[in-house]
Amino acid sequence: MKKLIPTLALLTALLLPTASAADMNITLDDAQAESYTLELGPGALATLTWPDPVKDVTVTRSGIIETKIVDNRVIIAGLSSNGNTPIQITTESGVRTWRVRMSSQQNGSIINVRVLPPKAEAPTTVVIGDPAPGADVTTASTSATGVQLGLTTNTKPAEPMRAEDLPEIKFSLARDGNVVVLSYTLKAGSNGVLVDERQLTASAGQVRPTLSVLRLQPHEVRYGTLSIQGAGQAGSALKVSWPYQIGTVAQTMSQQLVTP
């Protein structure tokens, strides 16, 4: 009876598992997420998590990846070991065009990409009077409707805001003839929030509010709808800005939207 003596190469192939790329967790800020190249391979699974719900995903080349939308996530399965394709992701806050590049080096990997919400912009305020050092002052912010909401601030250095203190806002747009309907979901942070619908502005068109001052308790959720007349043609950019106040600190939340 003959003995079969396997070579070292054959033993190695039988005993060692197939190598695959390491799993990755990636965090992108709002600016980095405007354009990004995602590298996948056959059998790879990527989960893209956005701060707002995903409305649509468009891929130009078939047979390279498969996509699925689950609320604010895009699930991508890699099918090919080479090639690339653009992928357009439309969320309630805007449209981003990425590129997916296929590589055999990413065979079977699991990739999680988290996109952070945009940072709130600092508001422009006008100080009324000439306050003494360290004294409280009143600032005024005027909306497109000409209504003023007095905001009390302090000239002393303010405590830095924590992430849990900030409100969460989600905007969505729909069209009703010549009028664009703006819907929002506002959730207060751990210290509550004070807003005035009459101060909400858009980069194009005239905003018509339905409510006035809203004072939300900690973690309270409020829903609302406004109309914007003359917001522009479908597909045009529309920036929405809304000042708010937490305690004595005034800030502004803004989002870039696409007119339907």
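Here are a few worked exercises on the predicted model shown above.

Some ground rules: residues are numbered from 1 along each chain as its sequence is written, and side-chain values use heavy atoms, with hydrogens and water left out. In this predicted model, local features need pLDDT of at least 70 and side-chain atom pairs count only at pLDDT 80 or more, while totals for chains, interfaces and linings use all residues.

**Exercise 1. Take stock of the chain**

Task: work out how many helices and strands the chain has, and what share of its residues is buried.

Solution:
- Start with secondary structure. Helices (H or I, at least four residues) and strands (E, at least two) are DSSP runs, numbered from the N terminus. The tally is one helix and 21 strands.
- Next, burial. Buried means under 20% relative accessible area, exposed over 50%, and partly exposed in between, using a 1.4 Å probe and protein chains only. On that scale, 35% of the 260 residues are buried.
- Then the surface. Using the Shrake-Rupley method with a 1.4 Å probe (for residues, only the protein chains shown count as cover), the chain exposes about 14,800 Å², and carbon and sulfur atoms supply 52% of that.
- Last, contacts, meaning heavy atoms within 4.5 Å. Among contacts with a separation of 6 or more, 61% are between residues 24 or more positions apart.

**Exercise 2. Check the confidence**

Task: find where pLDDT stays under 50.

Solution:
- pLDDT is the predictor's confidence in each residue, from 0 to 100. The chain averages 78, and 76% of the residues score at least 70.
- One stretch under 50 is residues 1–21, for which the model has six contacts beyond four places in sequence.
- Another is residues 135–157, for which the model has 52 such contacts.

**Exercise 3. Trace two sheets**

Task: give the strand order of the five-strand open sheet and of the four-strand one.

Solution:
- Two strands pair if DSSP finds at least two bridges between them. Strands of a sheet pair through backbone hydrogen bonds, either parallel or antiparallel.
- The five-strand sheet runs 1-9-3-6-5, with mixed pairing. Its edges are strand 1 (24–28) and strand 5 (65–70), each paired on one side only. Neighbouring strands here are turned by 15° against each other on average, direction ignored; the axes are lines fitted to C-alpha atoms (for helices, over the stretch in contact), and angles run from 0 to 180 degrees between N-to-C directions.
- Within that sheet, strand 1 and strand 9 (residues 110–115) pair in the parallel sense over five bridges. Thr 27 stands opposite Arg 114 in strand 9.
- The four-strand sheet has the order 2-8-7-4, again with mixed pairing. Strand 2 (37–40) and strand 4 (54–59) are its edges, each pairing on one side only. The average turn between neighbours in this sheet is 25°, direction ignored.
- Inside it, strand 7 (residues 84–91) and strand 8 (residues 94–102) are antiparallel over eight bridges. Thr 91 has Gly 94 in strand 8 as its bridge partner.

**Exercise 4. Classify a ring pair**

Task: decide whether the rings of Trp 50 and Trp 98 are stacked, edge-to-face or tilted.

Solution:
- Rings of Phe, Tyr and Trp (its six-membered ring) pair if their centres lie within 6.5 Å; planes under 30 degrees apart count as stacked, over 60 as edge-to-face and the rest as tilted. The rule yields three aromatic pairs.
- For Trp 50 and Trp 98, the centres are 5.5 Å apart and the planes sit at 45°, so the pair is tilted.
- The pair links distant parts of the chain, 48 residues apart: Trp 50 is in the loop between strand 3 (45–49) and strand 4, and Trp 98 is in strand 8.
- Both Trp 50 and Trp 98 are buried, and ring pairs join them with Tyr 36 in a cluster.

**Exercise 5. Inspect three single residues**

Task: place Asp 71, His 219 and Val 221, then say how exposed each one is.

Solution:
- Asp 71 is in the loop between strand 5 and strand 6 (73–78). Its phi is near 60°, positive in a residue other than glycine. With 55% relative accessibility, Asp 71 counts as exposed.
- His 219 sits in the loop between strand 18 (213–216) and strand 19. Though not a glycine, His 219 has a positive phi of about 65°. Its relative accessibility is 49%, so His 219 counts as partly exposed.
- Val 221 belongs to strand 19 (residues 221–229). Its relative accessible area of 35% makes Val 221 partly exposed. Leaving out residues up to four places away in sequence, Val 221 touches Thr 185, Leu 186 and Lys 187. Val 221 and Leu 186 are 35 residues apart in sequence, yet 5.6 Å apart C-alpha to C-alpha.
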